[in-house]
Amino acid sequence: MTLFEAIILTIITASTPLLIAALGELVVERAGVLNLGVEGMMIIGAAAGIAAAITTGSSTLGVLVAVLAGMALSLVFAALVLGLAANQVAAGLALAILGLGLSGVIGAPFVGVQRAGIGKIEIPWLSDIPFLGPLLFRQDPFVYASVALVIGVWWFLTKSRAGLVLRAVGENHAAAHALGYPVRRIRLLAILFGGGCAGLAGAYMSLVYTPFWTSGMTGGRGWIALAIVVFASWLPFRAMVGAYLFGALTILQLHAQSAGVPLPSQFLAALPYLITILVLVLIMRARRGGVAGPASLGVPFVPDR
Amino acid sequence: MQASPPLLAAEGITKRFGALVANNAVDLKVAPGEIHALLGENGAGKSTLVKIIYGLLRPDAGRLVWRGAPVQVESARAARALGIGMVFQHFSLFEALTVAENVALALDGAESLDEIAQRLSETSRAYGLPLDPKREIWRLSVGERQRVEIMRCLMQDPSLLILDEPTSVLTPQEAEGLFATLARLRAEGRSVLYISHKLEEVRRICEAATILRGGQVVAHCDPRAETAAGLARMMMGGDVVPIRHDHIEAQGPVRLAVSALSLPALHTHGIALANINLELRAGEVLGIAGVAGNGQDELFAALSGEELAPHAGAIAMDGVAVGRAGINERRKRGAAFVPEERLGHGAAPAMRLTENALLSGHATNGFLRHGLVDRAKLTDFVGKVVRAFDVRKGPADPEARALSGGNLPSWGVDAGAAATIRQALMDLARAGSAVLVISQDLDELLEISDRLCVMFMGRLSPAMPTAQATRESLGLLMGGAGMAA
């Protein structure tokens, strides 16, 4: 394997958790809910996932528990913002902090326990294609799942009737309610989907990316996922571009550091964040006159019944 | 002769919101093929009643009878299944979605989006309300949006169509188009429940009327057999004192001058201001008419200092350039601003108090030397007054939100209070202030303004003396006809 291939492979692995978490949040925000607690749900997924995997010895169970843990935490958020119509920003921030703290408790007994990561799936024939084969068809199941998720979310939002209703709820919840749609139930399902995706992204961190537990191991990826959703203008394929852009920058700056680029390493480490913010601002400016975010995003909904 | 059962009968409908009885034993009968008016002042309980009929609210007592059989309307979906369609007063469209998607959301069948788009363009052409199914709502004019709302109902093939204050957002010419559509619906045997407080309109197009006052039915009548004054008396429970007004040509000094003001749109769905010129003199009321969303918000923001003008000379107060000055600086120069209420409506219990506070406050502390008063609608006034004292502390005033909750009838300006407010504005002008009123309500503007301008697509027509303005000429301007590019 050449260095170039290796770099691309690591970029894919670095981008996948961002992409999965961002897709979940994208659906949540399209339904008009701003859940800033992605980081918290992600790390609780990472902790619960590896705890379950080590305890049971099954990676599959680990993944399942991670998804459920993410959903469970998002349920707390849903109870606050849907049930009590609490401020979504405050509730989301609280969720991020709660998740970080709780993950430390769950992960404490498993600090330093090593286990083999989830293996890669080789697709016969296709994986033998020179260069492209190993990159595209010799990946772990999460990578395939993340691509399927992009297509699935895109199809759901643009082609399916349920997706149309979800967008309508995010656009104007009062009007959706007036038409007789169950706004809060739809939002609950969206929030649970977002929680599940964040949990899955967390499982990727602790079961594949660095297959052991250290506290705070998501390292702010949840926040980046949030930024990617905005950067992507709430569109799934653009979210994929955004996730891979950030993933690539992260990996490339590591290589730049080891290659001895004459810039302070702190600056290089900050570069992916700076460039992502820059791109975000440029895209926002270029989109003047187009459609901005979901119009009801972040606005609490109280039915007038 | 045995009459056929009414299409819809509401019997003894009662609905309470806390201490307020919004509907008190209301009876209503709509015959097949009838255009039935539901008349009443704001807060009389009209919206509550139709929300019950459309399944959005549940009555505390009483029942609905559909084609002679009692029914429970549990949801809007159930209402649609019966054949009831509703066009809302405040549009319930989804800005970022296309026309076809908006229509699809109100249809419960299994049609695909393409089939719906196809049927929509055929049906809309057949009714003379052509629409492009692929356009997003935010690109449409207010009149076109109402078409979408009406088509959305007609696509469900309803037997009863409920229209909530449909002409309040239309130019007179657009309203004519709507009346033609209604006549066609009646010819097809459909019934229309037409909610309004515009008496002349009701007398023209409706053959039956139910009049509500304070949540109770005060009369069932044939509006064609009544005079407008008679209907008004029933609606308001007494004679309305006509406003004393003599339109004058103000000769005072220019308090506010706007010259060649242009401003980009505030947000993606906003309107850019283009070359606005106006002069406001001491002692006059200048009215700015126009259908909502033609740049009134942007103009108000520019005048108040919420948005700064590109250069200081664009706006001058008492001859001093203030285009780059902030809100407080303009206030110190003697300007006062009453913004449009954006949340909904204030609370009835607070009304008298705040209203008096505003009026006396203005009069006693001389705060309003040249008052700039923006009023989108007379009926929104209470809410605006509530906000007049903490303008721009952010849109989410929790109390107002808690109290508004959609379109609760727990508010309302009775006709007497409305007249008081209008009179107060005019007295203010006569006392030497300069008053600018932005409103969609032509009648209101014709009544209180000395001069009138019309806004259309971010441009402002030259001011004309009110004495020379007619509803027709204003209506043409509101529709963009005869406006210099």
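Select B:Gly305 to begin: its relative accessibility is 7%, so B:Gly305 counts as buried (under 20% relative accessible area, with exposed meaning over 50% and partly exposed in between, for a 1.4 Å probe and protein chains only). This is a predicted model, in which local features need pLDDT of at least 70 and side-chain atom pairs count only at pLDDT 80 or more, while totals for chains, interfaces and linings use all residues. Residues are numbered from 1 along each chain as its sequence is written, chains are lettered from A and ligands numbered from 1 in the order in which they are written, and side-chain values use heavy atoms, without hydrogens and water.

B:Gly305 sits in the loop that runs between helix 9 (296-304) and strand 14 (315-317) of chain B. Helices (H or I, at least four residues) and strands (E, at least two) are DSSP runs, numbered from the N terminus. Now show what surrounds B:Gly305: beyond its neighbours within four places in sequence, it is in contact with B:Ala325, B:Gly326, B:Ile327 and B:Arg330 (contact means heavy atoms within 4.5 Å). Add B:Arg331, 26 residues away along the chain, and the two C-alpha atoms are 9.5 Å apart.

Stay in chain B and select strand 6 (residues 84-87). B:Ile84 and B:Met86 point one way, B:Gly85 and B:Val87 the other way, and all are buried. Strand 6 runs parallel to strand 7 (residues 160-164) of chain B, and four bridges join them; two strands pair if DSSP finds at least two bridges between them. B:Ile84 has B:Leu160 as its bridge partner.

Next, go to A:Asn172, in the loop between helix 7 (161-171) and helix 8 (173-178) of chain A. Which residues does A:Asn172 touch, not counting residues up to four places away in sequence? They are A:Ser296, B:Ser92, B:Leu93 and B:Phe94. A:Asn172 counts as buried, at 19% relative accessibility.

Last, select helix 11 (residues 236-258) of chain A. Its end C-alpha atoms are 33 Å apart, which agrees with the 33 Å expected for 23 residues (the expected span is 1.5 Å times one less than the number of residues). Its buried residues include A:Ala243, A:Phe246 and A:Gly247. After the helix comes A:Gly260, with a positive phi near 80 degrees.

Keep A:Phe246 selected and add A:Tyr273. Their ring centres are 5.3 Å apart and their planes at 80 degrees, so the pair is edge-to-face (rings of Phe, Tyr and Trp, its six-membered ring, pair with centres within 6.5 Å; planes under 30 degrees apart count as stacked, over 60 as edge-to-face and the rest as tilted). A:Phe246 is buried at 5%, whereas A:Tyr273 is partly exposed at 38%.
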